[in-house]
Amino acid sequence: MKSIIITGATSGIGFDCAIQMAKIAPNEQIILACRNIQAGNETIRKIKNKTNHQHLICLPLDLASLQSIKDFKDKFAKLANPVITSLINNAGLQNIGKTAYTNDGFETTFGTNHLGGFYLTLLLLPYIEQNGSIIFTASDTHDPATKTGIESPIYTSGKDLAFPKETNEKENIVGQRRYSTSKLCNVLSAYVLHEKLADKNIRVNAFDPGMVPGTGLARTYPPVLRFVWNNVMPILTYFKPNTNCAKKSGKRLANLAFNKEQKQLNGIYFSDGKVTKSSIDSYNKSYQAELWKSSIELTKIKQDETTIQLT
Ligand SMILES: NC(=O)c1ccc[n+]([C@@H]2O[C@H](COP(=O)([O-])OP(=O)(O)OC[C@H]3O[C@@H](n4cnc5c(N)ncnc54)[C@H](OP(=O)(O)O)[C@@H]3O)[C@@H](O)[C@H]2O)c1
């Protein structure tokens, strides 16, 4: 049985993506890659109840640890038929508090949202089948033109983002910028990988779920803002453009990865339910090349660990 891997399925958009996937992919094994196995097993129970899908498993993965990502790949490789039809890089976080670091010493937002998914993808590439798909869940916050109210991204270099200098700016401003920049990195990565995988027939797309209030993304917000996010902002889904409930966005994400009707989409940014232009910076070839090079150096991935040409 072939596998679909979804990261960040224990809550929010990823959870609803897994539910939709269970409906449209009854013959695939769905692997929930999660850092909290107990939460993962509870999620499996809920998905089984709703869909009766019989082939759901959970494998441990902490994207804030390169070792954990490597261990995940090793465990996956030992499965009876380690073939991937879709890899959905959806897990992510926003940290608007004190600067935090991953196990490997990278700033947490960049380390988890970009480097973790990047490394996972490259390690899993040897197992992704021809006609398979890779998706990066990005965000419209990566694009200053969309005026989301979140600080605009600033791309300098992967190393600057991994090891940021101290700053006197307010924590929430810095945190928002790190988040939107990490989401820009998701779009940049999707475009680079798409180009580099052209001869391998693997689809790579970036997905914007829109604003999805009520998910766990606001967990580092102050209590009042968290209350508003969970209890007031969901009303916006009824009338604000590109503001969605998790069910709608999760469904779109699963469909983009696996639905037959969307299998022609490749190398695109999918936002508000359609192919859309992403930010000017996301098409910047020197940003793409710099991020590619620095991500390889930071993760220290070796050529014999992946099937894509690293240099
Ligand atoms: N909500 C929005 O408005 C919005 C808008 C645009 C884009 N997005 C993107 O959508 C994606 C999903 O976010 P969400 O809103 O659904 O938030 P969420 O409910 O907080 O879901 C995030 C998921 O990522 C997982 N995760 C976080 N850090 C991880 C790590 N180190 N290793 C493995 N898994 C980790 C979480 O696992 P735990 O349960 O263990 O914490 C959770 O399952 C993110 O990439 C986010 O940037 C969200």
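**View 1. Leu87 and its bridge partner Ile134 in strand 5.** In this predicted model, strand 4 (residues 84-89) pairs with strand 5 (residues 128-137) in the parallel sense, over five bridges. Another position in this view is Ile84, which stands opposite Ile128 of strand 5. Between the two strands the chain passes through helix 4 (residues 108-124), and this β-α-β crossover from strand 4 to strand 5 is right-handed.

**View 2. Strand 5 and strand 6, joined by five bridges.** The two strands run parallel. Ser133 has Arg203, in strand 6, as its bridge partner. Strand 5 is mostly covered, with seven of its ten residues buried. In a regular strand, side chains alternate between the two faces of the sheet.

**View 3. The open sheet of eight strands.** The strand order is 3-2-1-4-5-6-7-8, and the pairing is mixed. Strand 3 (56-60) and strand 8 (274-276) are the edge strands, each of which pairs on one side only. From one strand to the next, the twist averages 25 degrees.

**View 4. Helix 2 packed on the sheet.** Helix 2 touches strand 2 (29-34) and strand 3, and its direction makes about 165 degrees with that of strand 3. Helix 2 spans residues 37-51 and includes Lys50. Is Lys50 buried or exposed? Lys50 is exposed, because 12 other C-beta atoms lie within 10 Å, and a residue with 12 or fewer counts as exposed. The C-alpha atoms of Lys50 and Ile19 are separated by 7.6 Å, although these residues are 31 apart along the chain.

**View 5. Helix 6 (residues 171-196) across three strands: strand 5, strand 6 and strand 7.** In this view, strand 6 comprises residues 203-208 and strand 7 comprises residues 269-271. Helix 6 runs at about 165 degrees to strand 6.

**View 6. The shell of 28 residues around the ligand.** The closest residues are Gly8, Gly12, Gly92, Thr215 and Gly216. Which helix gives the most to the shell? Helix 1 (residues 12-24) does, with three residues. By class, the shell holds twelve nonpolar residues, 14 polar residues and two charged residues.

Notes. Residues are numbered from 1 along each chain as its sequence is written. This is a predicted model: local features need pLDDT of at least 70, side-chain atom pairs count only at pLDDT 80 or more; totals for chains, interfaces and linings use all residues. A residue is near a molecule or strand if its C-beta atom, placed from the backbone, lies within 6 Å of it. Helices (H or I, at least four residues) and strands (E, at least two) are DSSP runs, numbered from the N terminus. Ala, Val, Leu, Ile, Met, Phe, Trp, Tyr, Cys and Pro count as nonpolar, Asp, Glu, Lys and Arg as charged, and the others, Gly among them, as polar. A residue is buried if 20 or more other C-beta atoms lie within 10 Å of its own, exposed if 12 or fewer, and partly exposed in between; C-beta atoms are placed from the backbone. Two strands pair if DSSP finds at least two bridges between them. Axes are lines fitted to C-alpha atoms, for helices over the stretch in contact, and angles run from 0 to 180 degrees between N-to-C directions. Two residues are in contact if their C-beta atoms, placed from the backbone, lie within 7 Å. A crossover is right-handed if, with the strands pointing away from the viewer, the path from the first strand over the helix to the second runs clockwise.
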